[in-house]
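Biologist: I would like a close look at a single part of this model, taken slowly enough for a first-year student to follow. Could you choose one residue and build the picture outward from there?

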Amino acid sequence: MKGDKILLKFILKRLGYTIFVLLGVSILSFGLLKLTPGSPARLMLSDDATEEQIKEKEIEMGLDKPLMTQYLSYMSGVVRGDLGDSLFYKMPNSKLIFQRLPATAYLTLVAMGIALLIGIPVGIIAGVKRGTAIDFTAMVFGLLGQSISGVVLGLIFILFFAVKLGWLPAMGYGGFEYVIMPATSLAMQMAALISRMLRSGMADVLQEDYITATYAKGISSKEINLKYALRNAILPVITIVGLQVGTFLGGAVVTEQIFGWPGIGTLTVQAIGLRDFPLVQSILLVISACFVLVNLLVDIIYTLVDPRMDFN
Amino acid sequence: MSRQELFRRMRKSNFFVIGAILVFLIIVISLLSPWIAPHNPTTSNLLLRLQAPDGFSKGWSGHILGTDPLGQDILSRLMVGSRVSLRISFTVVFATAMIGTVLGIVSGFFGGVADTVIMRFSDIQVSIPPMILAVAVMAVLGNNTTNLIIVLIFSRWVQYARVVRSNVMGIRNMEYIHASEVLGSSKARIMFTQILPNVLTQLIIVMSQEFGRTILTESSLSFLGLGVPAPAPSWGVMIADGREYLATAPWVIIAPGAALMIAVLAFNFLGDGVRDVLDPKNKN
């Protein structure tokens, strides 16, 4: 099968690209640690350590070697899953991160679900009813959603639904009632973006000749909207959702901080407070790797979904 | 597009009109804030801490939006704080646009190695979630306004470079560019006198969308304590400071939260308006 071969070639090419990007990210995050003021050896030892002890520790940590050698030994650890040790927790960074990853994954997945649930219907309706009052309302909603800070929205949610009404717990981690507020406040920006993109996509597709032709065949407009137009308009949305996962993960840092959610975001803020730079750097690397892999997945799904996609 | 046509479209776009008026008001208030703010934004008076908003019942001399945990007047802090947000977002947007445009033009015009290097670097750059990168870099460099501006520039240039590059590639092989080459114009001259004016529209569209986003990112970083350093009356810092008083004195965070939203909304309205006005596809 020729098509399969081309598809395989595309996926391999995309994989190669992913590896290249990951290497770049690793160099950047390695460089970030090198920017840290003061010697990491000094950070590891107690304050009253002598210069000699620091020198000794530096040699032990390989900090006297050339940068390239240091990077290579760092990378050889990374590919084996060794991200170094946290200065504060005195345990492997990888262990700390992977303990917290499920909570962040849970939060972002629920938030993504909420964003799609709000964004898709609003986008479809606004696109189909373009130029009407419904469309205008939806656009204002979209702009509002993009303009409100996740911080403010989160705090307002706590004020109303937890403090005033007492319906939901203000913070913490547990059953489904705990995830509703953080996920919704994280989802708003994405919901607004999806609805705006889908709206313009729908409106564009509905002006195409083949849609007019479908009308001429006597197919109902509901069927046209949902079956023909949506299928084409949703494709760019998939790509954008993939690209926005990064913004999402970044937003999660703030959201987790507000709601006391025990994920990567809270770990990051703690690590910064403790000046635990190796941990911060490992988080940067892991989060970026997740993001790159999500986009690889999105690209592959896209290729499988869109028959027009050429594999170059 | 003629000047008349431009003005006609501006008037016709609701988003543009509302956004432009709001942005203009915000800039005026922000510029005049040291003179028109009702109180000194950094004078604290612990006897007057956490006073509920007076509204206009006591006129301009009352605490119209209440006071914060240090007894400072919130409205005055908001007005002066807007200077911080606006200064950062204008600096970042213009600097990023400049850097991104130069890289985008070089990339699109020369192609080859320059293009590959710039674009591959941009691929790596966009693979790191901007907020995470900003948090990590601010943590390492230390939080002051200069570092914040550098981080924000560094995390957004790709946006511009890519838009400009694809536009440049579209006109790179046009006849007037070749004609200019034949006439002996230097490459730099062609890039900045022939190509730049042609990508300006797209550039302005991207820039107009970025102001609001930059203000939001800045306030989030300041909220985390990784942006504008604390004593400055920045909106993000005000929200962070008010957090413990959410239940007892909600105005302490609602006021800066609302200010932030109005400012970002104003810039986003303007951004959408600018796109409506300038985007040639948008004729209907």
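Modeller: Two residues are said to be in contact if their C-beta atoms, placed from the backbone, lie within 7 Å. The model is a predicted one, and the part to look at is B:V135, which, once its neighbours within four places in sequence are left aside, is in contact with A:V253, A:T268 and A:I272 of chain A and with B:L224 and B:L226 of chain B. B:V135 also belongs to the largest nonpolar core, a set of 147 residues, and is listed there with A:I283, A:L284 and B:I132 as having the most contacts inside it. Helix α8 of chain A, residues 176–206, gives the most to this core, namely 17 residues, and the core draws at least three residues from each of domain 1 (2–79) and domain 2 (93–305) of chain A.

Turning to the two chains as wholes, 39 residues of chain A are in contact with 34 residues of chain B. On the side of chain A that touches chain B, the elements giving two or more residues include α10 (221–259), α11 (264–273) and α12 (277–305), and by class that side has 26 nonpolar and 13 polar residues but no charged ones.

Chain B itself, to which B:V135 belongs, has 10 helices and 0 strands, and 46% of its 284 residues count as buried. Among contacts in chain B between residues at least 6 apart in sequence, 72% join residues at least 24 apart.

How values were computed: Residues are numbered from 1 along each chain as its sequence is written. Chains are lettered from A and ligands numbered from 1 in the order in which they are written. This is a predicted model: local features need pLDDT of at least 70, side-chain atom pairs count only at pLDDT 80 or more; totals for chains, interfaces and linings use all residues. Helices (H or I, at least four residues) and strands (E, at least two) are DSSP runs, numbered from the N terminus. Ala, Val, Leu, Ile, Met, Phe, Trp, Tyr, Cys and Pro count as nonpolar, Asp, Glu, Lys and Arg as charged, and the others, Gly among them, as polar. A nonpolar core is a set of buried Ala, Val, Leu, Ile, Met, Phe, Trp, Tyr and Cys residues joined through C-beta atoms within 7 Å. A residue is buried if 20 or more other C-beta atoms lie within 10 Å of its own, exposed if 12 or fewer, and partly exposed in between; C-beta atoms are placed from the backbone. Domain bounds come from an automatic or database domain assignment.
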